[in-house]
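This briefing introduces a protein structure to a reader who has not met it before. Please keep the sequence and the model in view while reading.

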Amino acid sequence: MGRGKFKGKPTGHRHFSTPEEMLAGTSNRRPRTFRQEEVGLKEEEEEEQEESGEEEEENQRKGTQGIIEIENPNIEKPKNVKAKDVDMGKTTELSRREREEIEKQKAHERYMRLQEQGKTEQARKDLERLALIRQQRAEAAKKREEEKAAREQKKTEARK
């Protein structure tokens, strides 16, 4: 139903219950305070029923469930487990991806330890390369020192 160009007030339209609705108790509009009181009463009643119902459920089960206890893997297990019901001794099994990820991390750590100790092929090659570079740098430094000493010697001879 179109409202036209302008909207009505944001409070909306008032709804009045008819006397028949009030007598039948089907009125949708009740003051909030009444609703809150009703909700509080209903919750208390439900709690009392649940407490008595849990004991009855334990004693009575549907069909043969009470007689034969079966480990059916297709039965839905409760999603939320209370802290007091948790079995601390039971270890959870990891999924294949999680196991592979952990194995990959351990292998990488093992490789890095061997790398630091110089026991892998790559580490040996790196160490050989480093030794060669150090040797070249030492030779270059020695050569520079000799050239510097030769220049200073020429300067001193030229002054004489």
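The points below cover the overall fold, the helices, the salt bridges and the surface patches.

The model is predicted. The chain contains four helices and zero strands, and its elements follow the order α-α-α-α from the N terminus. Of its 160 residues, 4% are buried.

**Overall surface**
- The accessible area of the chain comes to about 17,300 Å², and carbon and sulfur atoms account for 49% of that area.

**Helix 3 and its end**
- Helix 3 consists of 22 residues and spans 32 Å between its first and last C-alpha, which is close to the 32 Å expected at 1.5 Å a residue.
- Gly118, placed just after helix 3, adopts a positive phi of about 80°.

**Salt bridges**
- Three salt bridges are present in the structure.
- In helix 3, Glu100 and Arg96 are four residues apart, about one turn of the helix, and their side chains form a salt bridge with an N to O distance of 3.2 Å.
- Glu100 counts as partly exposed because its relative accessible area is 41%, a value between the limits of 20% and 50%.
- In helix 4, Arg124 pairs with Glu121 in a salt bridge whose closest N and O atoms are 3.3 Å apart; these two residues are separated by three positions, about one turn of the helix.
- Arg124 is partly exposed at 42% relative accessibility, whereas Glu121, at 53%, is exposed.
- Arg129 and Asp126 form a salt bridge at 3.1 Å, N to O; they lie about one helical turn from each other because they are three residues apart in helix 4.
- Both partners of this salt bridge are partly exposed, Arg129 with a relative accessible area of 48% and Asp126 with 25%.
- An α-helix has 3.6 residues a turn, so residues three or four places apart point the same way.

**Surface patches**
- A nonpolar surface patch is made up of Val81, Val86 and Met88, which together have about 320 Å² of accessible area.
- Met88 lies in the loop between helix 2 (32–59) and helix 3 (96–117), and Met88 counts as exposed because its relative accessibility is 74%, over the limit of 50%.
- A surface patch of positive charge brings together Lys148, Arg151, Lys155 and Arg159.
- Within that patch, Lys148 belongs to helix 4 (residues 121–159) and is partly exposed, with 46% relative accessibility.

Terms used
Residues are numbered from 1 along each chain as its sequence is written. This is a predicted model: local features need pLDDT of at least 70, side-chain atom pairs count only at pLDDT 80 or more; totals for chains, interfaces and linings use all residues. Side-chain values use heavy atoms; hydrogens and water are left out. Patches are made of residues with over 30% relative accessible area and no salt bridge: like charges are joined within 9 Å, nonpolar side chains (Val, Leu, Ile, Met, Phe, Trp, Tyr) within 5 Å. Accessible areas come from the Shrake-Rupley method with a 1.4 Å probe; for residues, only the protein chains shown count as cover. A salt bridge is a side-chain nitrogen of Lys or Arg within 4 Å of a carboxyl oxygen of Asp or Glu. Buried means under 20% relative accessible area, exposed over 50%, partly exposed in between (1.4 Å probe, protein chains only). Lys and Arg count as positive and Asp and Glu as negative; His and the chain ends are not counted. The place of a charge is taken as NZ of Lys, CZ of Arg, CG of Asp or CD of Glu. The expected span of a helix is 1.5 Å times one less than its number of residues.
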